[in-house]
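Visitor: Please take one part of this model and look at it closely with me, and then follow the chain outward from there to whatever surrounds it. I would like one connected account rather than a list.

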Amino acid sequence: MSGASYRVGIGFDAHAFEPGRPLILGGVELPSERGLAGHSDADVLVHALMDAILGALREGDIGRLFPDDDPAYAGASSVGLLEQVASLMHDRGFELADADCVLALERPKIAPYRDAMRERIARALGVEPERIGVKATTTEGLGFVGRQEGAAAYAVVLLERTQP
Ligand code: MG
């Protein structure tokens, strides 16, 4: 057997707010007067999740897979990139057993959109929404999140080997 039956991965990402951009989190557009700045759609939640999966696969990070100086990824849908990461995961013989994610931002409130995010992420990964956890926290005014300069996200995943 080549390695363990289970792999864990952790991901982190942060992006600055920018007026006039759409706010895309977990593949869902939220009503907001500003979005996150970035080369792609800057979906910080999906970026953290992709890095967690790539970490568990020992495949580097999203910067290596989708370079941010590559015009192919300008304005790219991060959920579309997540589908590519899912294909890589399946090619390597793994399936997503479970994932949990934390968004750190002051506003808008995430709760009304949480299930839509879970469903969109689950669809991209080819699993049921039950396997995807999404929650959010503020930082009580502390740091760049608290000053509302940006948003951050953390993700952990458990991958299960489906092929030897
Ligand atoms: Mg990012």
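Guide: Two strands count as a pair here if DSSP finds at least two bridges between them, and with that in hand we can start from the sheet that runs through the part I have chosen, the metal site. The model is a predicted one, and what follows should be read in that light.

β1 and β7 run antiparallel and are joined by eleven bridges. Within that pairing, arginine 7 has leucine 159 as its bridge partner in β7, while aspartate 13 has alanine 153 as its partner in β7. Alanine 153 also has leucine 103 standing opposite it, and β7 pairs with β5 as well, in the antiparallel sense and over ten bridges. Alanine 153 is thus named as a partner both of aspartate 13 and of leucine 103. β1 has a further antiparallel neighbour in strand β4, residues 34–36, to which three bridges join it; in that pairing, proline 19 is matched with arginine 34.

Aspartate 13 leads from the sheet to the metal. The magnesium ion has as its protein donors Asp13 through OD, His15 through NE2 and His47 through ND1, at 2.0 to 2.2 Å from the ion. Along the chain these donors follow the spacing D-x1-H-x31-H. Histidine 15 belongs to strand β1, residues 6–19, whereas histidine 47 belongs to helix α1, residues 44–57, so the two histidines tie together parts of the chain that are 32 residues apart in sequence. Are these two histidines buried or exposed? Histidine 15 is buried, at a relative accessible area of 16%, and histidine 47 is buried too, at 7%, since anything under 20% is counted as buried.

Histidine 47 links the metal site to the largest pocket, whose volume is about 250 Å³. Sixteen residues line this pocket, and those closest to its centre are Ser40, His47, Ile62, Phe66 and Asp68; one of the metal's donors, His47, is therefore also among the residues closest to the centre of the pocket by the grid-based definition of its lining. The elements β1, α1 and α2 (62–65) each supply at least two residues of the lining, so the strand and the helix that carry the two histidine donors both take part in it. By character, the lining divides into seven nonpolar, six polar and three charged residues.

Helix α1 also leads into the interior. The largest nonpolar core has 49 residues, and those with the most contacts inside it are Leu25, Leu49, Ile53, Leu96 and Leu125. At least two residues of this core come from each of β2 (23–25), β3 (28–30), α1, α3 (78–91), β5, α4, β6 and β7, with α1 giving the largest share, eleven residues. From α3 we may take alanine 86, which has its place in that helix and counts as buried at 3% relative accessibility. Its C-alpha is 8.7 Å from that of methionine 50, although the two residues are 36 apart in sequence.

Further along the chain, some backbone details deserve a careful look. Most residues other than glycine have a negative phi, and most peptide bonds are trans. Against that background, the peptide bond from arginine 107 to proline 108 is cis, with omega near 0°, and proline 108 is found in the loop between β5 (94–104) and α4. Helix α4, residues 114–125, contains alanine 116, which is partly exposed at 36% relative accessible area; its C-alpha is 12 Å from that of glutamate 130, 14 residues away in sequence.

Glutamate 140, in the loop between β6 (132–137) and α5 (143–146), has a positive phi of about 55° although it is not a glycine, and it is exposed, with a relative accessible area of 72%. Glutamine 148, also not a glycine, has a positive phi of about 60°; it lies in the loop between α5 and β7 (150–161) and counts as partly exposed at 26% relative accessibility. That loop brings us back to β7, the strand in which aspartate 13, a donor of the magnesium ion, finds its bridge partner.

Methods:
Residues are numbered from 1 along each chain as its sequence is written. This is a predicted model: local features need pLDDT of at least 70, side-chain atom pairs count only at pLDDT 80 or more; totals for chains, interfaces and linings use all residues. Side-chain values use heavy atoms; hydrogens and water are left out. Donors are N, O and S atoms within 2.8 Å of the metal (3.2 Å for Na, K and Ca); water is not among the atoms, so sites may look incomplete. Helices (H or I, at least four residues) and strands (E, at least two) are DSSP runs, numbered from the N terminus. Buried means under 20% relative accessible area, exposed over 50%, partly exposed in between (1.4 Å probe, protein chains only). On a 1 Å grid over the protein atoms alone, a cavity is a set of points where a 1.4 Å probe fits but cannot get out, and a pocket is an open set with protein on both sides within 12 Å along at least five of seven lines; lining residues have an atom within 4 Å of a point. Grid points are joined across faces, edges and corners, and a volume is the space filled by probe spheres set on the points. Ala, Val, Leu, Ile, Met, Phe, Trp, Tyr, Cys and Pro count as nonpolar, Asp, Glu, Lys and Arg as charged, and the others, Gly among them, as polar. A nonpolar core is a set of buried Ala, Val, Leu, Ile, Met, Phe, Trp, Tyr and Cys residues joined through side-chain atoms within 4.5 Å.
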